[in-house]
Amino acid sequence: AFDFSEKELADIAFAIREKVFVQEQKVDQREEYDSHEEESKHYLIYDDAVPVGTARWRTTSNGIKLERFAILPVHRKKGAGITLVKKVLDDVLVFNKPIYLNSQVAAMNLYRRAGFKEEGELFYEANIPHYKMTYQG
């Protein structure tokens, strides 16, 4: 885990998010990069020294929110996503707070495999369908 102030690592994470969210999924840059960057803990996952994915988490009034999971397209379906989710979970479980995320519908099975369960109604963020999911252990 690293902080936003670690510029070199933050730049790598942002480049991955740019490719996945802004270019591939057409999310507006103003929505992708927000006021929570500095308060969040950020992650990078590597494959043979090549950064292939990123994520972040932050504390909210509802608990711990996991966000911005992104794996570069050519590295998907190879285990990086579940490895990254489990690493972030390992780091935040010690706080003994509710853990949740807003999952794109296309990624819900990944989070289910990590112990999350969807709740509530379908909603849209950045024109992409999502469900809130909470960690059940």
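Leaving aside its neighbours within four places in sequence, which residues is Tyr-111 in contact with? Before I answer, let me say that what we are looking at is a predicted model. In this model, the contacts of Tyr-111 beyond those sequence neighbours are Phe-69, Val-85, Leu-101, Ser-103, Phe-116 and Met-133.

That brings me to the interior, where the largest nonpolar core has 24 residues, and where Tyr-111, together with Leu-66, Phe-69, Val-85 and Phe-116, touches the most other members. Two or more residues of this core come from each of strand 2 (41–47), strand 3 (50–60), strand 4 (63–71), helix 3 (80–92), strand 5 (99–104) and helix 4 (108–113), and it is helix 3 that gives the largest share, with seven residues. Apart from this core lies another one, made of eleven residues, including Ala-10, Ile-16, Val-20 and Ile-128.

Let me turn now to a polar residue, His-42, which lies in strand 2 and which counts as buried because its relative accessibility is 2%. Its side chain reaches the backbone oxygen of Glu-37 at 2.9 Å, and, if we do not count residues up to four places away in sequence, His-42 touches Ala-1, Phe-2, Asp-3, Phe-4, Arg-17, Glu-37, Ala-55 and Arg-56.

Finally, the surface: Val-105, Leu-122 and Tyr-124 form a nonpolar patch there, and together they have about 290 Å² of accessible area. Of these, Tyr-124 is found in strand 6, residues 116–125, and since exposed means over 50% relative accessible area, Tyr-124 counts as exposed at 56%.

Terms used:
Residues numbered from 1 in each chain as written. Predicted model: local features only at pLDDT ≥ 70, side-chain atom pairs only at ≥ 80, totals over all residues. Heavy atoms only, no water. Patch = residues over 30% accessible without salt bridge, like charges linked within 9 Å, V, L, I, M, F, W, Y side chains within 5 Å. Areas by Shrake-Rupley, 256 points an atom, 1.4 Å probe, with all protein chains shown as cover. Salt bridge = Lys/Arg side-chain N within 4 Å of Asp/Glu carboxyl O. Helix = DSSP H or I, 4+ residues; strand = E, 2+ residues; numbered from the N terminus. Buried < 20%, exposed > 50% of the residue type's maximum accessible area, 1.4 Å probe, protein only. Core = buried A, V, L, I, M, F, W, Y, C linked by side-chain atoms within 4.5 Å. Contact = heavy atoms within 4.5 Å. Polar contact = N/O pair within 3.5 Å; in protein donor to acceptor, adjacent residues only side chain to side chain.
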